[in-house]
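User: I've got a structure open here and I'd like to talk through some of its contacts. Can you take my questions one at a time?

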Amino acid sequence: MYHFFVEEEQIEEKLIRITGSDVNHIRNVLRMKPKEELLISSRQGGDYHCAVETVGEDEVCVRILWKESLGRELSCEVILFQGLPKGDKMELVIQKNVELGVTAIVPVAMKRCVVKLDEKKAAAKQKRWQQIAESAAKQSKRGIIPEVKPVMGFSEALAYAKALDRKLLPYECAEGMQRTKQLLASILPGQKVGIFIGPEGGFEEQEVEAAEACGFQIMTLGRRILRTETAGMMLMSVLSYLLEE
């Protein structure tokens, strides 16, 4: 079933009005006809099973069949702070973590990041990354489109994470898998969780100390050293399993 997102003001009592670029996609690419069914999600939350009513040049009108009562989101908000990786790895990180249930992604420029983005390049990258997040949200039938935040510096990211309930930082020098299991099992529904993943070169010791001073709990992901694009997905997979209702 095809999946589209709309703003809350586009949703009426019995109808939803789709506008913008999705109209061309529905009309000329998918060539959808009246009575064909599709899934519509509000960007503010809420999923609706609908049937096409009319297909116009500037608007597609769909009739609401029923509103889905069972939410598709995890019981916690999870924000991924990802150290900027090389090449197109960030696109993979965004795609897979959106599928796994992350709420937002914060790209972070750290000392050992190879990639250096100026303001213009960072804005272009963010736009591209947000498109990938939206595509992954549609594919996985998410109820929201996770936001990819602007690139932040390390100190800025720590300040942004300050208000979160739980803050986790996997570190290759950490030990004690039993502690990791206890930390993850103690996360409660409704909490806001931050995950901080280092770049290819890993965290500098001073960065780990600064994060720990800001309330991050340092933990291990096991005896194997994971790539930066793998570490976040591994942890999100475990959280998704534990938090799925």
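User: Is lysine 149 buried or exposed, going by its relative accessibility?

Analyst: Keep in mind that this is a predicted model. Lysine 149 has a relative accessibility of 16%. The cut-off for buried is under 20%, so lysine 149 counts as buried.

User: Which residue forms a salt bridge with lysine 149?

Analyst: Look for the carboxylate partner: the closest N and O atoms of the pair are 3.0 Å apart. That partner is partly exposed, at 39% relative accessibility. It's glutamate 147.

User: Which helix holds the lysine that pairs with glutamate 229?

Analyst: Glutamate 229 forms a salt bridge with lysine 89, with the closest N and O atoms 4.0 Å apart. The two are 140 residues apart, and glutamate 229 sits in helix α7 (residues 228–243). Glutamate 229 counts as buried at 12%, while lysine 89 is partly exposed at 21%. The lysine belongs to helix α2 (residues 89–100).

User: How many residues apart in sequence are the parts tied together by glutamate 53 and arginine 63?

Analyst: Their side chains meet in a salt bridge of 3.1 Å, N to O. Glutamate 53 is in strand β4 (residues 47–55) and arginine 63 in strand β5 (residues 60–68), so the pair ties together parts whose separation is 10 residues.

User: What is the bridge partner of valine 6 in β3?

Analyst: Strand β1 (residues 3–6) has Phe4 and Val6 buried on one side, with His3 and Phe5 buried on the other. β1 pairs with β3 (residues 37–42) in the parallel sense, over four bridges. Across from valine 6, the partner is serine 42.

How values were computed. Residues numbered from 1 in each chain as written. Predicted model: local features only at pLDDT ≥ 70, side-chain atom pairs only at ≥ 80, totals over all residues. Heavy atoms only, no water. Buried < 20%, exposed > 50% of the residue type's maximum accessible area, 1.4 Å probe, protein only. Pairing = 2+ DSSP bridges.
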